[in-house]
Protein chains: 2
Amino acid sequence: MQEQIQKILKHNQLSVTGGRTKILELFLAQDDALAHADIERKTGEKFDRVTVYRTLQTFLEKGIIHSIPTSDNSVKYALCKDNCSEGHHHDHHVHFMCSVCGKTLCIDEVSVPVVNLPAGYKVEQIQMIVTGVCKDCA
Amino acid sequence: MQEQIQKILKHNQLSVTGGRTKILELFLAQDDALAHADIERKTGEKFDRVTVYRTLQTFLEKGIIHSIPTSDNSVKYALCKDNCSEGHHHDHHVHFMCSVCGKTLCIDEVSVPVVNLPAGYKVEQIQMIVTGVCKDCA
DNA sequence: AAAAACTTGCAACTCAGTTGCAAGTTTTTT
DNA sequence: AAAAAACTTGCAACTGAGTTGCAAGTTTTT
């Protein structure tokens, strides 16, 4: 695990520091998306708020994580899986928010269906946010 | 126009006041979604910030407008069109954000395509956010 | 091992959004 | 049509998320 983390950081030309390692570890150990507050809680307040913000920002810029627009307009982050590392498949995502447990999941298995927009619209990116009840809460 | 506005407000058991009338008027005259800041600007700062917040909140609760989760995690609001007034078709929406002019449009013409989620997921609501270039900017 | 480059924590700040309350409006009642 | 009741508004003060500059601390490079 630690090795994998180092590899990811170095690969993105980032110094390997305590904060980055810890936060990346969290994402790797987690199957659902994390909000800033979740991260602060889970790191046991070992790092400054500002460091968490800056780390998330850096990871975003490097494409290590992506942000998810949720239907309640809060911000969540999730790891970009394998398929993201090569080329950019960021552009079409399905996310699922469970209204029972509150988890936000990145559904990589499913591809975004085609939408037929009225003539003249050029599509660059599609985000689909599905709200409902997840597998575990059903 | 003023008549239509009164009708909408009364229908939702809201007193007809200057602020509500003005803000509803803005939405009716607008084809794209508005952020809080847009409304403050367009009303010419005639109303207190707080009043705008409260009015938007009230309209949301009554289902007169709906909020749109944008891919940059800001909040926008748009009128619920005719089809919304009867029953609740709020649940499946396609929104389009133009990366050139910045407009956010509610694409009512198009219905949200079916997604095949892995077994066990129960879908309640689907929001689709398409980013790209709109008709007018193409 | 020292120098250069980068990261962190702190303090101070900004900005969106919220709350309580008194004054002002709208609606209901008589 | 006037008075009472119910609701809405603006103000001031607050909260909480997110940002910035900077000095001290780490990591990386040489």
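**Reading a two-fold pair and a cysteine site**

Guide: A turn of 180° with a shift of 0.0 Å along the axis lays chain B on chain A at an RMSD of 0.0 Å. That is the relation of a two-fold axis. Copies are superposed by least squares on the C-alpha atoms of residues with pLDDT of at least 70 in both. This is a predicted model, in which local features need pLDDT of at least 70, side-chain atom pairs count only at pLDDT 80 or more, and totals for chains, interfaces and linings use all residues. Residues are numbered from 1 along each chain as its sequence is written, chains are lettered from A and ligands numbered from 1 in the order in which they are written, and side-chain values use heavy atoms, with hydrogens and water left out.

Visitor: In chain B, which C-alpha is nearest the axis?

Guide: That of B:Met128, 2.2 Å from the axis.

Visitor: Which residues does the UniProt annotation "binding site" cover?

Guide: UniProt positions are given in the numbering used here, feature names are shortened, and annotations may be inferred rather than shown by experiment. The unreviewed entry lists A:Cys98, A:Cys101, A:Cys134 and A:Cys137. They span 40 residues in sequence, yet no two of their C-alpha atoms are more than 8.2 Å apart, so they gather at one spot.

Visitor: Is A:Cys98 buried or exposed?

Guide: Buried means under 20% relative accessible area, exposed over 50%, partly exposed in between (1.4 Å probe, protein chains only). A:Cys98 has 5% and is buried, whereas A:Cys137 is partly exposed at 26%.

Visitor: What is A:Cys137 in contact with?

Guide: Contact means heavy atoms within 4.5 Å. Leaving aside neighbours within four places in sequence, A:Cys137 touches A:Cys98, A:Val100 and A:Cys101.
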